[in-house]
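Visitor: I would like to go through this model and ask what each label rests on.
Guide: Go ahead; the structure is shown first.

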Amino acid sequence: MASSLPLHHPSHCLISNPQGFNYGGSPRPRFSFTTKDTDKGTRIQPIKAKAATTEASPFPLLQSPRAEDSPSELEPADPDFYKIGFVRSMRAYGIEFKEGPDGFGVYASKDVEPLRRARVIMEIPLELMLTISQKLPWMFFPDIVPVGHPIFDIINSTDPETGWDLRLACLLLYAFDREDNFWQLYSDFLPSADECPSLLLASEEELSELQDPNLASTMREQQRRALEFWEKNWHSGVPLKIKRLARDSERFIWALSMAQSRCIGMQIRIGALFQDSNMLIPYADMLNHSFQPNCFLHWRFKDRMLEVMINAGQRIKKGDEMTINYMSGQQNNMLMQRYGFSSSVNPWDVIQFSGNARIHLDSFLSVFNISGLPQEYYHNTDRLSSGGDTFVDGAVIAAARTLPTWSDGDVPPIPSMERRAIKELQEECRQMLAAFPTNSKEDQNILDSMPDATRTLEAVVKYRLHRKLFIEKVMQALDLYQERILF
């Protein structure tokens with residue numbers, strides 16, 4: 001398969017590191033978030049819900065927030081969105097779900113002061129999830145597939161190493177069809193094919209607009225893989241109980257996009273069994289991505305719950321969005337391939353320089369107050385600076401990682417050599433920008449002029465825009481470095 005993203009290894013997706021790993025921003029306090037289950041241990045307590053009465057329910061979200069409390073483009077979620085989970089023991093504390101132009105998000109409904117321990121904002125029981133083991137024999141938690149059902153034969157036919165997303169898509173389609181299953185109700189709140197930005201659903205014309213031949217080729221291969229799988233298992237001779245799950249290929253590819261973009265890969269413990277699993281977790285899948293997340297996920301094995309928890313030491317203001325980190329250390333093309341979005345401030349993005357020019361690493365880090373090891377760079381905002389702190393963002397952190405550099409002990413940089421290297425690197429950046437059919441201003445004008453474009457086309461144009469903005473930011477960082485290193 002042409003894909004450079006290992007679809008058989010989703011364990012990075014949606015898991016924020018609770019130990020304080022830095023994703024290109026300021027460092028987080030380091031505390032252990034392990035929940036102890038012995039009588040002598042301590043329990044992590046949830047944030048108390050905002051009570052309307054002295055006998056308030058632990059799930060205050062049944063009462064939708066007033067419209068005037070919401071930002072103009074965000075509307076409170078339908079009350080049914082809360083009720084279908086509440087009656088099945090899902091709980092939330094101090095948060096509310098809102099829907100906007102880009103879909104659902106989770107927002108704080110109250111101010112949260114920083115504490116030395118993590119705090120729970122969501123509890124989702126195992127019974128609401130769709131879970132399948134990552135390795136043979138395939139195990140389902142909860143076990144919703146009856147013995148002898150033909151969907152198991154389809155799942156069993158997938159490649160054990162690379163077919164995790166196909167298996168999860170089949171399980172999702174089966175859950176939609178099963179009577180009285182929670183996912184029949186929850187599916188009403190999942191994005192439709194028209195609302196989903198996944199490149200699996202992109203047309204050939206949209207893929208050609210990526211201005212990235214490698215990514216376009218990878219997505220064509222993934223589309224072909226999905227179509228061949230559907231044609232093999234949903235042919236005219238299959239039983240009706242299978243055919244009705246995905247009567248057309250578009251339905252299956254949509255389910256596959258849901259499986260890829262919403263999968264959480266983590267190890268769970270059920271009794272004495274430790275199981276590496278791929279999971280679809282309702283409500284938690286509404287958390288959006290951030291390179292500097294304020295939440296992480298934790299498995300509470302005693303009562304088989306997934307907890308969404310606020311990082312220890314994190315200050316939250318009312319209205320702040322609650323976020324997690326989907327995949328740490330991945331470039332924009334990987335995020336685009338898996339989730340259908342990109343960012344101009346991705347601290348892990350990369351530019352492939354081909355020349356021999358090098359700049360002095362320690363001097364570049366010092367100019368922008370960047371600290372830490374290469375895999376843990378962050379902007380040291382506590383240090384006094386002569387100005388320009390607002391300039392440093394994830395793209396500058398990425399520049400520190402991707403720019404060709406040299407370092408030789410205590411040997412200082414020679415300004416004339418640094419100036420020459422900067423000029424060569426900037427010229428190579430200009431050549432990269434000139435190779436694109438459009439520039440960043442033209443891409444931005446295209447976005448502004450097509451408010452009714454499909455979600456996939458919008459994501460495609462944003463992807464190529466973000467690539468150009470990143471290169472331009474690197475050029476600006478080199479300009480600023482040249483000014484500061486010489487004076």
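**Pocket and sheet**

Guide: In this predicted model, α14 gives five residues to the lining of the largest pocket, the largest share.

Visitor: Which elements give two or more residues to that lining?
Guide: They are β3 (95–100), β4 (103–108), α8, β9 (288–289) and α14 (455–486). The pocket has a volume of about 1,200 Å³. Of its 43 lining residues, the closest to the centre are Asp102, Gly103, Pro197, Asn288 and Arg455.

Visitor: What makes Gly103 polar and Pro197 nonpolar in such a count?
Guide: The classes are fixed by residue type: Gly is put among the polar residues and Pro among the nonpolar ones. On that basis the lining divides into 19 nonpolar, 12 polar and 12 charged residues.

Visitor: How do you know that β6 and β8 are paired?
Guide: Pairing takes at least two bridges, and four join β6 to β8 (residues 273–280). Therefore the two strands count as paired. In one of the bridges, Thr131 has Met279 in β8 as its partner.

Visitor: Why are β6 and β7 called edge strands?
Guide: The open sheet has the order β6-β8-β7, with antiparallel pairing. β6 (130–133) and β7 (263–270) each have a single partner strand, so one side of each has no neighbour in the sheet. From one strand to the next, the twist averages 40°.

Visitor: Which helix lies across β6, β7 and β8?
Guide: That is α3 (residues 164–177), running at about 145° to β6. Helix α8 (residues 249–262) also packs on the sheet, where it touches β7 and β8 and makes about 65° with the direction of β7.

Key: Residues are numbered from 1 along each chain as its sequence is written. This is a predicted model: local features need pLDDT of at least 70, side-chain atom pairs count only at pLDDT 80 or more; totals for chains, interfaces and linings use all residues. Side-chain values use heavy atoms; hydrogens and water are left out. Axes are lines fitted to C-alpha atoms, for helices over the stretch in contact, and angles run from 0 to 180 degrees between N-to-C directions. Contact means heavy atoms within 4.5 Å. On a 1 Å grid over the protein atoms alone, a cavity is a set of points where a 1.4 Å probe fits but cannot get out, and a pocket is an open set with protein on both sides within 12 Å along at least five of seven lines; lining residues have an atom within 4 Å of a point. Grid points are joined across faces, edges and corners, and a volume is the space filled by probe spheres set on the points.
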